[in-house]
Amino acid sequence: MTSFRFRSSLVAAALALAGLAGAPAAALAQDAVPGVVTTAAAPAAARPHVVVLATGGTIAGAGASAMNSATYTAAKVPVDKLLAGLPELSQVARVSGEQVFQIASESFTNDNLLTLARRVSQLVKQPDVDGIVVTHGTDTLAETAYFLGLTVHTDKPIAVVGSMRPGTALSADGALNLVNAVHVAASKDARGKGVLVTMNDEIQTARDVNKDVNIQTGAFKSQWGPLGMVVEGRNYWFRAPIKRHTQQSEFNIDTIERLPQVDIVYAYGNVQPTAVQALVAGGAKALIHAGTGNGSVADRMVQPLRDAQAQGVMIVRSSRVPYGFVLRNAEQPDDKYDWVAAHDMRPEKARLLTMLALARGASTSELQRMFWEY
Ligand code: ASP
């Protein structure tokens, strides 16, 4: 905390040198731009109410020194301390915090997903809540964001945010990411756009975004591009999501009791059926095959996968290649085998959609439709 205070005072000193210290927010705001929400100058009572649900991760992490940008402990700082360290938030919204979990996101389970989504669903039903921010470890942030977008019915903005560096590091990214997330969650123009991920000044749709770099602040990318950017308290939109989400979703967290077991098998040279057989024996109800190229399946893996299917396990063909999309009946005869193509969903996100589909008793053709629509 000492180094955090030290850096805060550096910021204060820099502002003072620039003659900006203590300047009212309204004086810093620019002229209004159509379609842009600026909350900075609103009186306190009129500001939107944003609830920050904290789950841990690097945004709540702490390292031993300012040089530790990659070596640190995630999930250390409680949400009230995170929020107290950011007085700027009060210019944007009335912010309240709740600690839902304090974990690194690689340890997220299906139960964590259900608990978090249920809490988000409760909160968005409250008339006094205008938007939600979820702070999250970056490793599985994109999975949780996609799950929330599939299961929570609301038009209120839900912004999921993390950081690549702990708050104790030089050039820590969490503070600005969190302010941007609160701004997006407080914005009327973010309504109806589903679950959004605000990292590195970009606004991404939960469906498309993935963590593609494991050590830089510009880690979150989408092959279809961000929806927009959030800069100095303004949202700049360039696209809108066209896939089904939140209010148009046929999945609803309020009616989901549990999620069936769905696992992933990874393709590589010399792959053998051992993992498929073990996962089926372990109770998998569907397998996501993370194939090579266009979801290719090694010749020696086709029969083991068909054997699994004969035991009632659904087979979904995805790809270990991050960009592009899997075409139905290319590389494998999906119609003949009754397999499902995961389209552009990464294996870990295909797992989420498949779990939700199976929880509703979906057939293979229904699951295929869902991969086209969500
Ligand atoms: N392993 C951490 C997590 O996902 C990494 C991060 O938050 O950036 O919780």
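Which residue in strand 13 stands opposite Leu 287? Select Leu 287 and the residue across from it: Ile 315 is the partner.

**Before proceeding**

This is a predicted model, in which local features need pLDDT of at least 70, side-chain atom pairs count only at pLDDT 80 or more, and totals for chains, interfaces and linings use all residues. Residues are numbered from 1 along each chain as its sequence is written, and side-chain values use heavy atoms, with hydrogens and water left out.

**First stop: the open sheet**

Display residues 286–291, strand 12, together with residues 314–319, strand 13; the two run parallel and are joined by six bridges. Strands here are DSSP runs of E with at least two residues, helices are runs of H or I with at least four, and both are numbered from the N terminus. Two strands pair if DSSP finds at least two bridges between them. Widen the selection to the open sheet of four strands, whose order is 11-12-13-14 with parallel pairing. Strand 11 (262–266) and strand 14 (340–341) stand at the edges, each with a single partner strand, so one side of each has no neighbour in the sheet.

**Second stop: the ligand**

Select the ligand and its shell, the residues with a heavy atom within 4 Å of it: Gly 57, Thr 58, Ala 104, Ser 105, Glu 106, Gly 137, Thr 138, Asp 139 and Ser 163. A polar side-chain atom of Thr 58 lies 2.8 Å from a ligand oxygen atom, and one of Glu 106 lies 2.8 Å from a ligand nitrogen atom. At Ser 163, a backbone N or O atom is 3.2 Å from an oxygen atom of the ligand. The protein covers 91% of the 270 Å² of accessible area that the ligand has on its own (Shrake-Rupley method, 1.4 Å probe).

Now highlight Ser 105, Thr 138 and Asp 139, which the unreviewed UniProt entry annotates as "binding site"; such annotations may be inferred rather than shown by experiment. They are spread over 35 residues of sequence, yet their largest C-alpha distance is 6.8 Å. Ser 105 sits in the loop between strand 2 (94–103) and helix 5 (110–124). Ser 105 counts as buried at 2% relative accessibility, where buried means under 20% relative accessible area (1.4 Å probe, protein chains only).

**Third stop: Asp 189**

Move to the loop between helix 7 (174–185) and strand 5 (195–199), where Asp 189 is placed. Asp 189 is buried, with a relative accessible area of 14%. Show the side chains of Asn 235 and Trp 237: the side chain of Asp 189 makes a polar contact of 3.0 Å with Asn 235 and another of 3.1 Å with Trp 237. A polar contact is a pair of N or O atoms within 3.5 Å; within protein, one must be able to donate a hydrogen and the other to accept it, and residues adjacent in sequence count only if both atoms are side-chain atoms.

How values were computed. Buried < 20%, exposed > 50% of the residue type's maximum accessible area, 1.4 Å probe, protein only.
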